[in-house]
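Hi everyone, thanks for coming. I'd like to walk you through a structure piece by piece, so have a look at it first.

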Amino acid sequence: MSLDPGRHRVREEMLAGELFVYDDPDLADDRLRSALLVERYNLTSVGDPGQRESILRELLGAVGEAVEVRSPFHCLFGRQIFLGDNVFVNFGGIFLDSARITIGDKTLIGPNVQLLTATHPLEPGLRRAGYEYGEPISIGENVWIGGGAIICPGVTIGDDAVVGAGSLVTADVPPGVLVYGSPARIVRSLPSGEGPGTATSDR
């Protein structure tokens, strides 16, 4: 632990889900680190998969085996994002990781999906003072999230669930169900072995 009791305090508040000041210098350094790595990743040729994997592993908190994240990809800090094995993230992923984002094995994320852990106080004075906080997002194994879906702060999506394209997910999704809409609602269960039909678009 640092001898300076104030150092990294704001980062610790952020990771604990408490209110924190966004423009804290330590957090600004973390965001710059992430932005530079994201820039490098998005500019690195798909013909150089080894370099892309190396940058991704430096950027994110954990990257499993056989992971594919297509460019452009954007995140806030990177270190709070944890990807399991065989995770696929299509073009245009936006992961705002003020809090932890966990994605389980064999999960498919469609194009232009937003995972948003960052949120803000309803009290206007706190917003004016620059405070915000984060709520973690957890996505299980073998989940399919269709293109353009938005996953809101604090949401957990269970194993084998399917989220329809364009959905706004504001509440937890149980395992093995199909949800879609704005806000997303459970449409039906998905028995083991059943495909997702046509409710989503492209990987």
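Let me start with a question: is Pro 175 buried or exposed? Pro 175 is exposed, because its relative accessible area is 55%, and the cut-off for exposed is over 50%. To find this proline, go to the loop that links strand E18, residues 168–169, with strand E19, residues 177–181. If we skip the neighbours within four places in sequence, Pro 175 is in contact with Gly 158 and Asp 159. And here's a distance for you to try on screen: from the C-alpha of Pro 175 to the C-alpha of Ser 98 you should get 25 Å, for two residues that sit 77 apart along the chain.

Before we go on, a word about trust. What you're looking at is a predicted model. The chain has a mean pLDDT of 91, and 91% of its residues reach 70 or more. Two stretches are another story. In residues 1–7 the pLDDT is below 50, and apart from near neighbours in sequence that stretch makes 2 contacts in the model. Residues 197–201 also have a pLDDT below 50, but there the model has 14 contacts beyond near neighbours in sequence.

Okay, sheets. A quick reminder: strands of a sheet pair through backbone hydrogen bonds, and they can do that parallel or antiparallel.

Take the open sheet of 5 strands. Its order is E2-E5-E8-E13-E16, and the pairing is parallel. Which strands are at the edges? Those are E2, residues 62–63, and E16, residues 156–157, each of them pairing on one side only. E16 runs parallel to strand E13, residues 137–139, and 2 bridges join them. If you want to see where they meet, find Ser 138: its bridge partner in E16 is Thr 156.

Now the open sheet of 3 strands, in the order E1-E12-E11, where the pairing is antiparallel. Here the edges are E1, at 20–21, and E11, at 118–119, and again each pairs on one side only. E1 and strand E12, residues 131–134, are antiparallel over 2 bridges. Look for Val 21 there, whose bridge partner in E12 is Tyr 131.

Next, strand E7, which covers residues 93–96. Gly 93 and Phe 95 are on its covered face, while Ile 94 and Leu 96 are on the uncovered one. What does E7 pair with? One partner is strand E4, residues 73–75, in the parallel sense over 3 bridges. Another is strand E10, residues 114–116, also parallel and also over 3 bridges. Ile 94 is a handy landmark: His 74 stands opposite it, and so does Gln 114 in E10.

On to the cysteines. How many disulfides does the structure hold? The count is 0. Remember that a disulfide is a covalent bond between the sulfur atoms of two cysteines. Cys 75 isn't in one, and the nearest cysteine sulfur, that of Cys 152, is 19 Å away. So why no bond for Cys 152? Because 19 Å to the closest cysteine sulfur, in Cys 75, is too far. As for where they sit, Cys 75 counts as buried, at 13% relative accessibility, and Cys 152 is buried with a relative accessible area of 17%.

Last stop: two residues in loops. Thr 44 lies in the loop between helix H2, residues 25–43, and helix H3, residues 49–59. Is Thr 44 buried or exposed? At 15% relative accessibility it counts as buried, because the cut-off for buried is under 20%. The Thr 44 side chain reaches the backbone oxygen of Arg 40 at 2.6 Å. Leaving out neighbours within four places in sequence, Thr 44 touches Gln 51, Arg 52 and Ile 55.

The other one is Asp 24, in the loop between E1 and H2. Asp 24 is buried, with a relative accessible area of 17%. Its side chain reaches the backbone nitrogen of Asp 26 at 2.9 Å. And one more distance to try: Asp 24 and Arg 127 are 103 residues apart in sequence, and 15 Å apart in space from C-alpha to C-alpha.

That's my tour. Thanks for listening!

Conventions. Residues are numbered from 1 along each chain as its sequence is written. This is a predicted model: local features need pLDDT of at least 70, side-chain atom pairs count only at pLDDT 80 or more; totals for chains, interfaces and linings use all residues. Side-chain values use heavy atoms; hydrogens and water are left out. Buried means under 20% relative accessible area, exposed over 50%, partly exposed in between (1.4 Å probe, protein chains only). Helices (H or I, at least four residues) and strands (E, at least two) are DSSP runs, numbered from the N terminus. Two strands pair if DSSP finds at least two bridges between them. pLDDT is the predictor's confidence in each residue, from 0 to 100. Contact means heavy atoms within 4.5 Å. A disulfide is a pair of cysteine sulfur atoms within 2.5 Å. A polar contact is a pair of N or O atoms within 3.5 Å; within protein, one must be able to donate a hydrogen and the other to accept it, and residues adjacent in sequence count only if both atoms are side-chain atoms.
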